[in-house]
Amino acid sequence: MADPRLYQIAVLASLLVYGMAGLDFAISVPRAALLLLTVLATQAVGDRLENRPADVRSALISGLSLCLLLRTNRIDLAILAAVITIAAKFIFRYRGKHIFNPTNGGIVAMLLLTDQVWVSPGQWGSVAFF
């Protein structure tokens, strides 16, 4: 059986492309690429510190979710959100597994730390077709 995270990555990536191309999401290709590179780099550092083989699937899910949900006009805060999201997976663990959704934790942390980030539920429009 295939890893279900691969399907989740495909769906999230499709939603991001659709949102950027069809719904005019307030995220640019360079911003999305920077967020994805940041989560992958943070994951690589964490895996190296724990002497584990690199595994990008969970980091890609978190990064794509950040691209879909997190909004800010400051690139440094977007990068910090990506680092916090992935670092929390390595810090808050029980029996080798992270204990909460890392993307939600990263977004909540940023909402508590600054008034310069937000989540934009209206970006999906008002027509429900799913």
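**Core, salt bridges and surface of the predicted model**

R48 counts as exposed, with a relative accessibility of 68%, where exposed stands for over 50% relative accessible area, buried for under 20% and partly exposed for values in between, with a 1.4 Å probe and protein chains only. The structure is a predicted model, in which local features need pLDDT of at least 70 and side-chain atom pairs count only at pLDDT 80 or more, whereas totals for chains, interfaces and linings use all residues. Residues are numbered from 1 along each chain as its sequence is written, and side-chain values rest on heavy atoms, with hydrogens and water left out. R48 is placed in helix α2, helices being DSSP runs of H or I of at least four residues and strands runs of E of at least two, both numbered from the N terminus. Between the C-alpha atoms of R48 and L111, which are 63 residues apart along the chain, the separation is 29 Å.

The interior is considered next. The largest nonpolar core has 25 residues, and those that touch the most other members are L16, I27, L35, L64, L66, C67 and L70; a core of this kind is a set of buried Ala, Val, Leu, Ile, Met, Phe, Trp, Tyr and Cys residues joined through side-chain atoms within 4.5 Å. Two or more residues of this core are given by each of the elements α1 (4–22), α2 (29–49), α3 (57–69), α4 (75–91) and α5 (102–113). In soluble globular proteins, nonpolar side chains tend to be buried together. When residues up to four places away in sequence are not counted, C67 touches L16, I27, A32, L35 and L36, contact being taken as heavy atoms within 4.5 Å. S65, which is placed in helix α3, is likewise buried, with a relative accessible area of 15%. With its neighbours within four places in sequence left aside, S65 is in contact with L12, L70 and T103.

Charged pairs were then examined. The count of salt bridges comes to 7, a salt bridge being a side-chain nitrogen of Lys or Arg within 4 Å of a carboxyl oxygen of Asp or Glu. One of them joins D3 to R57, with 2.7 Å between the closest N and O atoms. Because D3 lies in the segment before α1 and R57 in helix α3, this pair ties together parts that are 54 residues apart in sequence. D3 is buried at a relative accessible area of 17%, while R57 is partly exposed at 27%. R52 forms a salt bridge with D47, in which the closest N and O atoms are 3.0 Å apart, and another with E50, in which the closest N and O atoms are 3.3 Å apart. R52 itself is partly exposed, with a relative accessible area of 31%; of its partners, D47 is buried at 1% and E50 is partly exposed at 33%. Through salt bridges that share partners, D3, R5, D55 and R57 are joined into one network.

On the surface, I91, F92, Y94, I99 and F100 make a nonpolar patch of about 540 Å². Patches are made of residues with over 30% relative accessible area and no salt bridge, like charges being joined within 9 Å and nonpolar side chains (Val, Leu, Ile, Met, Phe, Trp, Tyr) within 5 Å, and accessible areas come from the Shrake-Rupley method with a 1.4 Å probe, only the protein chains shown counting as cover for residues. Within this patch, Y94 is found in strand β2 (residues 93–94) and counts as exposed at 53% relative accessibility, whereas F92 counts as partly exposed at 43% and F100 as partly exposed at 32%. The count of aromatic pairs comes to 1. The pair is formed by F92 and F100 and is tilted, with 5.7 Å centre to centre and 50 degrees between the planes; rings of Phe, Tyr and Trp (its six-membered ring) pair if their centres lie within 6.5 Å, planes under 30 degrees apart counting as stacked, over 60 as edge-to-face and the rest as tilted.

Two loop residues concern the backbone. D24, in the loop between α1 and α2, has a phi near 55 degrees, a positive value in a residue other than glycine, and is exposed with a relative accessible area of 66%. For N51, found in the loop between α2 and α3, phi is positive and near 55 degrees, again in a residue other than glycine, and N51 counts as exposed at 72% relative accessibility.
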